[in-house]
Amino acid sequence: MSDEEIMAGEGSEQAAVEGGALGPQPSKRGFYLTARQAFGILAGALVVLLVALIVWLLFFMGGSSLVTRGGGTRAGIKPVFTIDGPGTGDKPRFDRPMSAAFGTDGRIYVSDTGNNRICVFDSRGKFLFEFGSFGVAKPLPGAKNTWVLGKLNYPIGIRVDSQDGTVYVADFHNDQVQAFTSDGKALRAFPDAHKKVGKGSSGADGQGIAVTAVAVRAGKVYATDQYQTFEFDTNGKLLKQWGKPGTAPGDLDHPNGVAVSDGGTVYVSDSNHARLIAYGKDGKVKWTYGTLPNAQGSQESSAPLQLPRGATVTSDGRIIVADAFGFELVSLSQEGKLNARYGERGTEPGQFNFPNDVDASGDRLVVADKENGRVQVLQLVGR
Amino acid sequence: MRLRRAIPLLVFAVMLFIPAFAFAYNEGGSVTSSLTACTACHGVTAGSPTTGTVDVSRTGPHANYTTTSSKCGVCHSVHQASSANLLPAATASAACATCHDGTGGNGVYGVLAARGLTVAAAHRVDKTNVVPGGDAANGGPATVSFSGPGGTLSCDDCHSPHGSSVVTAFTSDRLRTASYETTWNAGVRPFTSSALLKQRPGVYTGTPITEYGSNWCGACHQGRVNHSMGSAFNHPVESTATAATPYIYRNVPVLSGSATSSVLTLGAMGRTNGGYLMLQAPAEPSSQRHPPICQQCHGDVRYVGKVADDGQSARPATFTVTTPNGTTSTDNPRFQVFPHESTSPRFKVESNDDLCLNCHTTMSLP
């Protein structure tokens, strides 16, 4: 700053003092706005606010009005958001969503079982699109075959191939698995719903498999039916099957969950036997977690697992099981030891009402909260 | 102030934008069960879990509550439940489907639609409060108040989920019954179940009905059990109104085997088609001729066999149940979901005159 500038400044201060000495004078300084100018400015501000609101609605609320964000952390569950349905169309809400999975790009695929469709959301819960409709692949005499590739009949389990994004769906009443592209284009169905699968299968007339859950890892697709686990390649060629009725280690009774570790260990939720079974690549039992229901009809509150359903393996190797009758997520180590339990029964965000499935992506889980008619994206904390 | 004059314009501008905000926001197998699979939950009354006798009185979370059991919390939530009766779903029937949807065992409702068949008759839970033949005075329909939403029929109108005050256990047609007896327990003990049927179903408040038979159906369908109601008549039906000790589902005249026979023995209707054929007297093992019970005409669809034209002998069709819910087309009977759903109107076991000819043979007609 030059000396002249400093002097000018001092002169200004002096003038101000002098002016004060003269007493109050009407100020001739300040802004004057015409009505037109004021309207223009405020209208502009409103336009900016409107645009901001639209952006917020689109990117934060998503296209669905059935998204609830946040919620308090409870019982080790930190809810991120919940989705009650796409919020549009003639079926804006889910009807008993029994499975949910993360896609490769963070999308969330929901098996909306009661509505015979798959609903797809972005990573923030914005509804993107849906695919699938009701179709009967195995009509009984007197009924029509209404199935074409892509139609579903009580879809349950759903998982996405992390390598290519292919979506695999357990098409329960059609006795098959169906594969779709990440954008919902039907690719193929397997096994043949009208043929016996390997040494035996559970579909109508003993053909096909009444598949409840699926998993995909390293080029192989795994599926469970009433008493067995099947291993296919991604084209549907049967590679292996194991499991049988009974209560011996490895026997199964209505399994409703399957997950596979990077090492190839297959974890099966032996639902009606209230246990999780870890099978090695050879199909032999490595360990089991849980105890068989007792003769009082199970449901002992102290049981390690009460009704294990869907399961997943996290990136750090933990096995997370959705316990439908325990109303919680159970975390196990790869050695079958209990890490922690998360969640509690209820209808608030972060609580469960017969959780039927869980899938993991990074530090997030997505849970098919069946009887609350929603899926929840959440994080596990503090345990 | 010019600014003051601008206020109405600003208000007008804001009002123009308000609807935009509102409209931008959308408000809108071949593998079958084993005995151990049964005994794992139900336990045994005798023998080992692999060869013993299943304790059928133990029915999962539905009965046998003790100080050491922990079953209530499976279905009921004390706080923040989804329904007034503290169940997990909005209605009792929806709560039942939480487990009974086919993924944990055999399904009940939806079995027919899943295979593309049209449901021609159903006890439509959560949908109807009209009872066909519910008017005892004239046999017409009656509107009643069941326990479902809006007074509609609910699963718990017929079933007690707690196993409380249920009918005497009986042999049914279902696969698990057939498999158990034919595979693991032949001749040891009939597999029976009450199906948790209430002794006072629906809105019935009379004397408890302890046996599954015509009286049980008539608790709701009151206008169907009397032969005459003055100006209207029904086909005669066996009940306590017609006999001191009426035939019931677990005790009717049955033709055994699948060969032509004239020998009837008293026994259960379940697991045989021989109870659907009625010979002319004197073949009936009772000195008094009885009319049929409801279930001898209404049941799962089946081919029951043929009565000889003279009505003195009959050839029952082979009873074949090989898959859950009768999805195998050669099974006889089919579906095993009576009285929930049927492909046959009014749950008739056979269609057309085929049904009538099971009793009214051509030579017996006047």
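This short talk walks through some aromatic contacts, one strand hairpin and a few overall values in the structure shown above.

Before I begin, please keep in mind that what we are looking at is a predicted model, and that every value I mention has been computed from it.

Let me start with the aromatic rings. Counted over all chains, there are 17 aromatic pairs. One of them joins A:Phe94 and A:Phe121, whose ring centres lie 5.9 Å apart and whose planes meet at 80 degrees, so the pair is classed as edge-to-face, a label that applies when the angle is over 60 degrees. A:Phe94 belongs to the loop between strands S2 and S3 of chain A, while A:Phe121 belongs to strand S5 of chain A, and because 27 residues separate the two in sequence, their pairing ties together separate parts of the chain. Are these two residues buried or exposed? A:Phe94 has a relative accessibility of 8% and therefore counts as buried, and A:Phe121, with a relative accessible area of 0%, is buried as well.

In chain B we can look at another pair, formed by B:Phe170 and B:Tyr212, and here the rings are stacked, with 4.7 Å from centre to centre and 25 degrees between the planes. This pair, too, links distant parts of its chain, since B:Phe170 sits in the loop between helices H6 and H7 of chain B, whereas B:Tyr212 sits in the loop between H7 and helix H8, 42 residues apart. Both B:Phe170 and B:Tyr212 are buried.

Returning to chain A, we find that A:Tyr168, A:Phe190, A:Phe230 and A:Phe232 come together in one aromatic cluster. A ring can also have a charge as its partner, as with A:Phe81, over whose ring the charged end of A:Arg69 sits, 5.4 Å from the ring centre.

Now to the hairpin. Strand S11 of chain A, residues 213-217, pairs with strand S12 of chain A, residues 220-224, in the antiparallel sense over five bridges. Within this pairing, A:Ala213 stands opposite A:Thr224. Two residues lie between the strands, and in that turn A:Ala218 has a positive phi of about 55 degrees. As for how covered S11 of chain A is, four of its five residues are buried.

Finally, a wider view of chain B, which has nine helices and 10 strands. Of its 366 residues, 47% are buried, and the chain exposes about 17200 Å², with carbon and sulfur atoms supplying 59% of that area.

Key: Residues numbered from 1 in each chain as written. Chains lettered and ligands numbered in written order. Predicted model: local features only at pLDDT ≥ 70, side-chain atom pairs only at ≥ 80, totals over all residues. Heavy atoms only, no water. Phe/Tyr/Trp six-rings, centres within 6.5 Å; stacked < 30°, edge-to-face > 60°. Buried < 20%, exposed > 50% of the residue type's maximum accessible area, 1.4 Å probe, protein only. Lys NZ or Arg CZ within 6 Å of the ring centre and 35° of its normal. Areas by Shrake-Rupley, 256 points an atom, 1.4 Å probe, with all protein chains shown as cover. Pairing = 2+ DSSP bridges.
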